[in-house]
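Visitor: Please take a close look at the aromatic side chains in this model. Carry on from there to whatever else in the chain is worth describing.

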Amino acid sequence: MLERFHVPEDIAVRVKQEDMRAAVEAIFQAMDMPEADAQQAADVLMYADIRGIESHGVSNMMRVYVTQFKEERINPRPEPKIIHGAPAVATLDSDRGHGLVVGPRAMDMAIERAGTYGIGAITVVNGAHFGAAAYHAAMALEHDMIGMALTTGGLTVAPVHGAEPMVGLNPLAIAVPSGQEPPFIFDAAMSSV
């Protein structure tokens, strides 16, 4: 874990998963998200925390999301629409929807297409923070499929020898089923840390 996310044991507070999930869902609903979307968004945050991905869990991201809802940078009730498409692929305009909700919808669309055509790829535009990419990629495992999820992650990285941020974090997650063994899941930013 990165040191900046480490909480010293003498001030650490442990919260039961079910209590944390209920609180997170309630906060998302207070931001005007429908109940099902609040549950989905909470699921992504809980996935991150339970797996030790504190950078994308409740304590690190919830306050950011609340601020973005209040600043109207996240639409709590988006109406995503396919703006380009072909049988195995599509581009989805997320209507400034939360990536924790629209990302899983896009992955469901990709899984459905892959079941029919052998491959499915959905590109999402006009959205908000994606969350832990591993969550989205791992959705394919339930269908015995390989899942990939990636995003630009905002322009926050200076290129080699650069002085200003001009490159995204470019996180990439891959989830591969492995028979009787635990699945292989890789999730990392392609930028230096």
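Guide: The count of aromatic pairs in this predicted model comes to 3. In one of them, the rings of Phe 28 and Phe 69 have centres 6.2 Å apart and planes at 70°, so this pair is edge-to-face. The rule behind that word takes the rings of Phe, Tyr and Trp (its six-membered ring) and pairs them if their centres lie within 6.5 Å; planes under 30 degrees apart are stacked, over 60 edge-to-face, and the rest tilted.

The Phe 28 and Phe 69 pair links distant parts of the chain, with Phe 28 in helix H1 and Phe 69 in helix H3, 41 residues apart. Helices here are DSSP runs of H or I with at least four residues, strands are runs of E with at least two, and both are numbered from the N terminus. Phe 28 and Phe 69 are both buried; buried means under 20% relative accessible area, exposed over 50%, and partly exposed in between, with a 1.4 Å probe and protein chains only.

Tyr 47 and Tyr 135 also form an edge-to-face pair, at 5.3 Å centre to centre and 90° between the planes. Tyr 47 sits in helix H2 and Tyr 135 in helix H5 (residues 133-138), so far along the chain that 88 residues separate them. Both tyrosines are buried. Ring pairs also join Phe 28 and Phe 69 with Tyr 65 into a cluster.

Two sentences on the ground rules. Numbering starts from 1 along each chain as its sequence is written. Because the model is predicted, local features need pLDDT of at least 70 and side-chain atom pairs count only at pLDDT 80 or more, while totals for chains, interfaces and linings use all residues; side-chain values use heavy atoms, with hydrogens and water left out.

Next, the charged contacts. A search of the whole structure finds 5 salt bridges, each being a side-chain nitrogen of Lys or Arg within 4 Å of a carboxyl oxygen of Asp or Glu. One of them joins Asp 37 and Arg 105, with the closest N and O atoms 2.9 Å apart. Asp 37 belongs to helix H2 and Arg 105 to helix H4 (residues 99-117), so this bridge ties together parts 68 residues apart in sequence. Asp 37 is buried, at a relative accessible area of 11%, whereas Arg 105 is partly exposed at 31%.

Another salt bridge runs between Arg 77 and Asp 32, whose closest N and O atoms are 3.3 Å apart. Both residues of this pair lie in loops: Arg 77 between helix H3 (58-70) and strand S1 (81-85), Asp 32 between helix H1 (17-30) and helix H2 (35-50), with the two positions 45 residues apart. Arg 77 is partly exposed at 44% relative accessibility, and Asp 32 is partly exposed at 38%. A further bridge links Arg 73 to Glu 71, at 3.0 Å between the closest N and O atoms. Arg 73 is partly exposed at 48%, as is Glu 71 at 46%.

Asp 32 deserves a second mention for its backbone. Although Asp 32 is not a glycine, its phi is positive, at about 80°. Asn 126 is likewise not a glycine and has a positive phi, of about 60°. Asn 126 lies in the loop between strand S3 (121-125) and H5, and is partly exposed at 40% relative accessibility.

Last, a sheet and the surface beside one of its strands. An open sheet is formed by 3 strands in the order S4-S7-S8, with antiparallel pairing; strands count as paired if DSSP finds at least two bridges between them. S4 and strand S8 (184-188) are the edge strands, each pairing on one side only. S4 pairs with strand S7 (residues 172-176) in the antiparallel sense over 4 bridges, and Leu 150 has Leu 172 of S7 as its bridge partner.

Leu 150 is part of strand S4 (residues 147-150), and counts as exposed at 54% relative accessibility. Together with Ile 146 and Met 148, Leu 150 forms a nonpolar surface patch with about 330 Å² of accessible area. Patches are made of residues with over 30% relative accessible area and no salt bridge, joining like charges within 9 Å and nonpolar side chains (Val, Leu, Ile, Met, Phe, Trp, Tyr) within 5 Å. The areas come from the Shrake-Rupley method with a 1.4 Å probe, and for residues only the protein chains shown count as cover.
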